[in-house]
Amino acid sequence: MTNLIEKIKMLTSVKQTHTKIIEGSKITIRDKIFIKVFRRNTVKGDTDHHYDTFEIPVKRWTTVLDALLYAKSCLDGSIAIRYSCRMASCGSCGMKINGIPRLACYTKVSELEGDTITCTPLSNFPHIRDLVTDFSQFFDHHRNMKPYIRNEYADIKLEEENNRDKKLLREFKQTPEEVDKYLQFSYCIKCGLCYSACPTAGADLKFPGPQALAQMYRYLADNRDNAIKERLNIVDNQHGVWRCHFPASCSVVCPKGVDPALGIQLLRGHLLANSKNEKKIAELFNRDVQER
Ligand code: SF4
Ligand code: FES
């Protein structure tokens, strides 16, 4: 009888795990996973961290955010996480999942290898508590890029204040080709995954980072904006666009296909012909042009 009970226990404790290929993607079907969560309350003065592990029942469609919310609702209400939309739109739920910066709401547990998923806070951001980091500096970099259209003929408020000729104000029409020049860069949701993956952002706090530089290119490439010189001056310095070593990890982790590394290279392309700081590379470019 005891043997039979042991046998039943053994059979029921076997994990239901198997792998399937669905629409070309390898999916691991499990009925439970373990989620290992980074714990530290930096605001309260904790200097050491530890991990808490929770067993979570899952379905094929369970996301890492669902798993964390299950742990928070049913097992430990003190876990700190940040999220809002649950649909990869707000950019709030960024964290490192198995060491890679990802959106928790956009990562299904069935897409990940292994039965234990490790969640840690994003690198390169000051830590607050558990999986929550401080985005103040990241948003400061974004604001420094003046992320809005700058064109005196489009600013109605300015026109009213200065009583300028209303005829100067005009409608800005764009062709699909003109929109296409910046469209992909405008998909950024400011999730910070690229910033977390960037080795230069980790080494130089003054470096704006891939997100901010890609946004700079987004406005530079928009033909409604006419502050090109001012824009290039903001990024043409020793902590600016030249600090990027092009590891391109930013583009690999971006969940929206922005490709910030491409934006940085395109910005550089503009600067090669316009550099104010007499960069050697710009001098070489000018010499090359004169010699032709
Ligand atoms: S460029 Fe991509 S990874 Fe970086 S903040 Fe924008 S959406 Fe996130
Ligand atoms: S909760 Fe909004 S992007 Fe994940």
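The following exchange between a biologist and a modeller concerns a predicted model and treats its sheet, two helix packings and the surroundings of its ligand.

Biologist: In what order do the five strands of the open sheet stand?

Modeller: The pairing in this open sheet is mixed, and the twist averages 35° from one strand to the next. Read across the sheet, the five strands follow the order 4-3-7-5-6.

Biologist: Which strands stand at the edges of the sheet?

Modeller: A strand at the edge has a single partner strand, so one side of it is left without a neighbour in the sheet. This applies to residues 50-57 and to residues 100-103, which are strand 4 and strand 6.

Biologist: How many bridges join strand 3 to strand 4, and which residue is the bridge partner of Lys-32?

Modeller: Strand 3, residues 32-39, runs antiparallel to strand 4, and eight bridges join the two. Within that pairing, the partner of Lys-32 in strand 4 is Pro-57.

Biologist: In which sense, parallel or antiparallel, does strand 7 pair with strand 3, and in which with strand 5?

Modeller: With strand 3, strand 7 forms four bridges in the parallel sense, and one of the bridge pairs sets Val-37 against Cys-119 of strand 7. With strand 5 (residues 94-97), strand 7 (residues 116-120) shares two bridges, and Lys-96 stands opposite Thr-120 there. The sense is therefore parallel with strand 3 and, for strand 5, antiparallel.

Biologist: Are helix 3 and helix 8 roughly parallel or roughly antiparallel?

Modeller: Helix 3 (residues 136-144) and helix 8 (residues 209-220) pack with their axes 9 Å apart and at an angle of about 20°. Since angles under 35 degrees count as roughly parallel, the relation of helix 3 to helix 8 is roughly parallel.

Biologist: What classes of residue make up the contact of helix 3 with helix 8?

Modeller: Helix 3 passes helix 8 in a right-handed crossing. His-141, His-142 and Asn-144 of helix 3 make the contact with Gly-209, Gln-211, Ala-212 and Gln-215 of helix 8. By class, these residues are one nonpolar, six polar and no charged.

Biologist: What is the relation of helix 8 to helix 9, roughly parallel or roughly antiparallel?

Modeller: The axes of helix 8 and helix 9 (residues 228-235) lie 10 Å apart, at an angle of about 165°, and the crossing is left-handed. Because angles over 145 degrees count as roughly antiparallel, helix 8 and helix 9 are roughly antiparallel.

Biologist: Which classes of residue are found in the contact of helix 8 with helix 9?

Modeller: Helix 8 contributes Leu-213, Met-216, Tyr-219 and Leu-220, while helix 9 contributes Ile-228, Arg-231, Ile-234 and Val-235. The residues of this contact divide into seven nonpolar, no polar and one charged.

Biologist: Which helices each supply at least two residues of the shell around ligand 1?

Modeller: The shell comprises 13 residues, of which the closest are Cys-188, Cys-191, Cys-194, Cys-254 and Val-258. By class, the shell has nine nonpolar, two polar and two charged residues. The helices that each supply at least two of the shell residues are helix 6 (193-197) and helix 8.

Key. Residues numbered from 1 in each chain as written. Chains lettered and ligands numbered in written order. Predicted model: local features only at pLDDT ≥ 70, side-chain atom pairs only at ≥ 80, totals over all residues. Axes fitted to C-alpha atoms, helices over the stretch in contact; angles between N-to-C directions. Parallel < 35°, antiparallel > 145°, perpendicular 65-115°, else oblique. Left-handed = near helix turned anticlockwise from the far one by under 90°. Contact = placed C-beta atoms within 7 Å. Nonpolar A, V, L, I, M, F, W, Y, C, P; charged D, E, K, R; others polar. Pairing = 2+ DSSP bridges. Near = placed C-beta within 6 Å.
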